[in-house]
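Please prepare a short briefing on this structure for a colleague at the bench. Group the points by topic and keep to what can be read from the coordinates.

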Amino acid sequence: MTQRTSPLPRNCPNCDGFASAAITTGARDQLGHLHTITADCPACHGTGTRTTRRNREGARV
């Protein structure tokens with residue numbers, strides 16, 4: 001028998017799966033390390049995937 005495989009999660013169309021990015025501010029601390037901030041994709045909120053809608057046939061309201 002074949003095994004059922006779950007569908008792969010779909011990548012977010014806005015960030016193409018790269019949901020978070022580390023951005024340097026250009027400033028350095030006393031030890032010489034760069035300050036970075038993390039920016040998340042506003043569409044997927046940093047998950048990198050989008051939710052899929054499941055259409056249920058025969059379910060009418």
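D16 is found in the segment before β1. The model is a predicted one, and in it D16 has a positive phi of about 60° although this residue is not a glycine. D16 counts as exposed because its relative accessible area is 52%, over the 50% cut-off.

**Residues with positive phi**

- H45 likewise has a positive phi of about 60° and is not a glycine.
- H45 lies in the segment after β2, whereas D16 lies in the segment before β1.
- With a relative accessible area of 65%, H45 is exposed.
- A positive phi, near 95°, is also taken by G32, in the hairpin of β1 and β2.

**Overall architecture**

- The protein chain contains two strands and zero helices.
- Of the 61 residues in the protein chain, 10% are buried.
- The protein chain exposes about 6,300 Å², and carbon and sulfur atoms supply 48% of that area.
- Among contacts between residues at least 6 apart in sequence, 48% join residues at least 24 apart.

**The β1–β2 hairpin**

- Strand β1 covers residues 20-28, and strand β2 covers residues 34-40.
- The two strands run antiparallel, and six bridges join β1 to β2.
- Five residues lie between the strands of this hairpin.
- R28 has L34 in β2 as its bridge partner.
- A21 stands opposite A39 in β2.
- T25 is found in strand β1 and touches H35 and I37, leaving aside residues up to four places away in sequence.
- The C-alpha atoms of T25 and T36 are 5.8 Å apart in space, while the two residues are eleven residues apart in sequence.
- T25 counts as partly exposed because its relative accessibility is 46%, which falls between the 20% and 50% cut-offs.

**The largest nonpolar core**

- Which residues make up the largest nonpolar core? The core has five residues, namely C12, C15, A19, C41 and C44.
- In soluble globular proteins, nonpolar side chains tend to be buried together.
- Within this core, C41 and C44 each count as buried, at 8% relative accessibility for C41 and 8% for C44.
- C15 counts as buried because its relative accessibility is 14%, under the 20% cut-off.
- A19 is buried too, with a relative accessible area of 9%.

**A19 and C41 as members of the core**

- A19 is found in the segment before β1, and C41 is found in the segment after β2.
- In sequence A19 and C41 are 22 residues apart, yet their C-alpha atoms are 5.2 Å apart in space.
- A19 and D40 are 21 residues apart along the chain, and their C-alpha atoms are separated by 5.7 Å.
- Not counting residues up to four places away in sequence, A19 touches A39, D40, C41, C44, G46, T47 and G48.
- On the same basis, C41 touches C12, N14, C15, A19 and G46.
- The contacts of C41 therefore include three other members of the core, C12, C15 and A19.

**Cysteine sulfurs**

- How many disulfides are counted? The count comes to zero disulfides.
- A disulfide is a covalent bond between the sulfur atoms of two cysteines.
- For C15, the closest cysteine sulfur is that of C12, at 3.8 Å, which is too far for a bond.
- For C44, the closest cysteine sulfur is that of C41, also at 3.8 Å and too far for a bond.
- A pair of cysteine sulfur atoms must lie within 2.5 Å to be counted as a disulfide, so the 3.8 Å from C15 to C12 does not qualify, and neither does the 3.8 Å from C44 to C41.
- C12, C15, C41 and C44 are nevertheless members of the largest nonpolar core.

Notes: Residues numbered from 1 in each chain as written. Predicted model: local features only at pLDDT ≥ 70, side-chain atom pairs only at ≥ 80, totals over all residues. Heavy atoms only, no water. Core = buried A, V, L, I, M, F, W, Y, C linked by side-chain atoms within 4.5 Å. Buried < 20%, exposed > 50% of the residue type's maximum accessible area, 1.4 Å probe, protein only. Contact = heavy atoms within 4.5 Å. Helix = DSSP H or I, 4+ residues; strand = E, 2+ residues; numbered from the N terminus. Areas by Shrake-Rupley, 256 points an atom, 1.4 Å probe, with all protein chains shown as cover. Pairing = 2+ DSSP bridges.
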